[in-house]
Amino acid sequence: MHRRLSYDSLTMTQHNLAFITGHARGSEPLDAVLLAQVERFAASGRKNIVVVMDTFPNLEEATIAALQGLLRRASELDARVTCVALEERVATMLRSITFSHTMNIISRVDELPGAA
């Protein structure tokens with residue numbers, strides 16, 4: 001039996017964990033939003049970054065480029081990136097992008113490091 005974890009239970013026990021979604025506000029470019037988020041989280045000590053792939057509206061070329069920028073910047077900041085990809089086709093696509101070796105890809109939230 002798998003235990004269900006809520007966002008609140010994770011943030012209460014994992015003070016160095018942060019979640020990134022694929023939502024940009026207004027006309028702000030996605031790459032700028034992702035970079036700002038990873039920099040803000042790393043500066044506040046949240047070095048375990050979880051990217052929730054199912055919240056991204058699409059996986060077009062601009063989205064892939066934005067993810068590559070996020071991975072590059074996270075690596076520079078010594079932050080660890082985990083992508084939650086519920087669909088195998090998304091996980092396969094993630095494995096093919098530049099800097100994919102710097103991230104962990106999981107399909108369930110209970111696979112987060114230290115969350116199970």
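From the N terminus onward, the elements of this protein follow the order α-β-α-β-α-β-α-β, which gives four helices and four strands. Helices (H or I, at least four residues) and strands (E, at least two) are DSSP runs, numbered from the N terminus. The model is a predicted one, in which local features need pLDDT of at least 70 and side-chain atom pairs count only at pLDDT 80 or more, while totals for chains, interfaces and linings use all residues. Residues are numbered from 1 along each chain as its sequence is written, and side-chain values use heavy atoms, with hydrogens and water left out.

**Overall character**

The protein has 116 residues, of which 41% count as buried. Here buried means under 20% relative accessible area, exposed means over 50%, and partly exposed lies in between (1.4 Å probe, protein chains only). The accessible surface comes to about 6,800 Å², and 51% of this surface belongs to carbon and sulfur atoms. Such areas come from the Shrake-Rupley method with a 1.4 Å probe; for residues, only the protein chains shown count as cover. Among contacts (heavy atoms within 4.5 Å) between residues at least 6 apart in sequence, 66% join residues at least 24 apart.

**The sheet and the helices across it**

The four strands form an open sheet in the order β1-β2-β3-β4, with parallel pairing. Strands β1 (17-20) and β4 stand at the edges with a single partner strand each, so one side of each has no neighbour in the sheet. The twist from one strand to the next averages 25°. Two strands pair if DSSP finds at least two bridges between them; β3 and β4, which run parallel, are joined by four bridges. In one of these pairings, V81 has M103 in β4 as its bridge partner.

Two helices lie across strands of this sheet. Helix α2 crosses β1 and β2 (48-52), running at about 170° to β1. Helix α3 lies across β1, β2, β3 and β4, and runs at about 150° to β3. For these angles, axes are lines fitted to C-alpha atoms, for helices over the stretch in contact, and the angles run from 0 to 180 degrees between N-to-C directions.

**The two sides of helix α4**

Helix α4 (residues 88-95) has V90, A91, M93 and L94 as its buried residues. They cover an arc of only 160° around the axis, which places them on the same side of α4. The arc is that of the directions from the helix axis to the C-beta atoms. An α-helix has 3.6 residues a turn, so residues three or four places apart point the same way. The buried residues of α4 pack against α3, β3 (80-84) and β4 (103-106). The face turned away from this buried side carries the exposed residues E88 and R89.

**Salt bridges**

Side chains of opposite charge can pair when their charged atoms come close. A salt bridge is counted when a side-chain nitrogen of Lys or Arg lies within 4 Å of a carboxyl oxygen of Asp or Glu; by this rule there are four salt bridges. Three of them, including their N to O distances, are set out below.

| Residue pair | N to O distance |
|---|---|
| R73 and E39 | 2.9 Å |
| R73 and E76 | 2.9 Å |
| R95 and E88 | 3.2 Å |

In the pair of R73 and E39, R73 lies in helix α3 (residues 61-76) and E39 in helix α2 (residues 30-43), so the bridge ties together parts that are 34 residues apart in sequence. R73 is partly exposed, at 25% relative accessibility, and E39 is partly exposed with a relative accessible area of 35%. E76 and R73 are three residues apart in helix α3 and are therefore separated by about one helical turn. E76 is exposed, with a relative accessible area of 51%.

The third pair joins R95, partly exposed at 46% relative accessible area, to E88, which counts as exposed at 52%. Salt bridges that share partners join E39, R73 and E76 into one network.

**Loop residues with positive phi**

D78 has a phi near 60°, a positive value in a residue other than glycine. D78 is placed in the loop between α3 and β3 and is exposed, with a relative accessible area of 64%. F99, also a residue other than glycine, has a positive phi near 75°. The loop between α4 and β4 holds F99, which is partly exposed with a relative accessible area of 23%.
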